[in-house]
Amino acid sequence: MGRSAAFFDLDKTVIAKSSALAFGRPFYRDGLITRRDVVKSAYAQLMFRLGGTDEQTMARTRDYLAQLCKGWSVEQVSQIVTETLHELIHPYVYAEATALIAEHQAAGRDVVLVSASGDEMVRPIGELLGVTDVIATRMEIVDGRYSGQVEFYAAGPAKVEGVNLLVEERGYDLSECYAYSDSSSDLPLLECVGHPSAVNPSRALRRTAIERGWPVLEFRHPIAIGRRLRTQPAVPVAAAALSLGVGVAIGVAWYGRIRKARAATA
């Protein structure tokens with residue numbers, strides 16, 4: 001049996017907001033974007049979430065964001081993210097997600113954040129969570145500035161490309177791997193593993209999850225990581241499971257615990 005991993009989408013799955021939009025305010029404050037850019041970025045993010053499985057929508061979102069970032073100093077962006085991470089992201093991490101990440105790590109699985117947001121944002125958030133492996137969007141950099149070209153856009157089927165590179169490098173057995181997401185745009189990611197779960201799913205993803213018998217999890221408790229560590233245990237993962245697809249729980253240890261807990265309180 002090969003090694004296994006757990007792949008987590010970031011926005012609305014691990015954190016209770018959009019990681020890219022979260023940094024809009026400091027980017028605006030430091031003159032990187034205008035007020036009009038803020039509105040357009042929010043609209044682009046909304047369109048992606050509503051119709052993210054459409055290739056044209058993803059391409060338009062990718063190209064718009066690439067041009068928006070053109071000419072930005074990589075050092076300045078990294079500095080803004082570092083300075084504002086505690087304020088903008090730290091309090092919005094789902095306690096259920098951090099508990100689930102810890103469970104996978106305790107079971108010896110690698111945990112990988114997979115996000116369409118930029119690597120400069122996703123990697124520091126991963127470090128905050130104790131996760132070092134990241135699949136994220138990478139922009140081309142020329143002389144310390146973003147050129148306006150995208151090297152890798154980690155959205156839709158491209159997320160699976162990133163996963164497959166790790167499979168080749170580390171020998172993961174995808175049938176033993178897990179994936180978590182809230183969006184139907186991540187169906188390719190969910191479909192490529194043996195243990196997919198829908199987290200806070202969109203209407204389309206919820207319908208698909210029910211049809212295919214995938215677990216549906218509801219994460220509802222964003223909490224500062226430091227506070228969670230001081231007040232262990234956090235909200236148990238069992239409390240996050242709103243419903244389970246028919247037959248999917250069989251053979252999965254922590255879902256077995258959910259069934260036992262329900263039986264004890266019946």
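Visitor: In the largest nonpolar core, which residues touch the most other members?

Guide: The model is a predicted one. Its largest nonpolar core holds 42 residues. Those that touch the most other members are F8, V14, F27, W72 and L113.

Visitor: Which element supplies the largest share of this core?

Guide: Several helices and strands each give at least two residues to the core, among them β1 (5–9), α4 (55–69), α6 (95–106) and β2 (110–118). Further contributors of at least two residues include α7 (119–129), β3 (133–142) and β5 (178–181). The largest share amounts to six residues, and the element that supplies it is α5.

Visitor: Which residues does W72 touch, not counting residues up to four places away in sequence?

Guide: W72 belongs to the group of core residues that touch the most other members, and F27 is another of that group. With residues up to four places away in sequence left out, W72 touches F27, L32, I33, V77, G144, R145 and Y146.

Visitor: How many residues are in the second, separate core?

Guide: Apart from the core described above, there is a second, separate one. Its members include I135, F152, C177 and V193. The number of residues in this second core is 26.

Visitor: Is T84 buried or exposed?

Guide: T84 is part of helix α5. Not counting residues up to four places away in sequence, it touches F23, P26 and R29. F23 is 61 residues from T84 along the chain, yet their C-alpha atoms are separated by 7.8 Å. Because its relative accessible area is 4%, under the 20% cut-off, T84 is classed as buried.

Visitor: How many of the residues of α7 are buried?

Guide: The buried residues of α7 are D119, E120, M121, V122, P124, I125, G126 and L129. The helix has eleven residues and is mostly covered. The number buried is eight.

Visitor: Why are L205, T208 and A209 on the same side of α10?

Guide: These three residues are buried in helix α10, which spans residues 203–212. In an α-helix there are 3.6 residues a turn, so residues three or four places apart point the same way. On the other side of α10, R203, I210 and E211 are exposed. The buried residues lie on the same side because the arc they cover around the axis is only 100°.

Visitor: What covers the buried residues of α10?

Guide: The residues to be covered are L205, T208 and A209. Both strands and a helix take part in covering them. The elements include β5, α9 (187–191), β6 (195–199) and β7 (216–217).

Visitor: Which residue just after α10 takes a positive phi?

Guide: Just after α7, a positive phi of about 80° occurs at G130. Just after α10, the positive phi is about 75°, and the residue is G213.

Note on methods. Residues numbered from 1 in each chain as written. Predicted model: local features only at pLDDT ≥ 70, side-chain atom pairs only at ≥ 80, totals over all residues. Heavy atoms only, no water. Core = buried A, V, L, I, M, F, W, Y, C linked by side-chain atoms within 4.5 Å. Buried < 20%, exposed > 50% of the residue type's maximum accessible area, 1.4 Å probe, protein only. Helix = DSSP H or I, 4+ residues; strand = E, 2+ residues; numbered from the N terminus. Contact = heavy atoms within 4.5 Å. Arc of directions from axis to C-beta.
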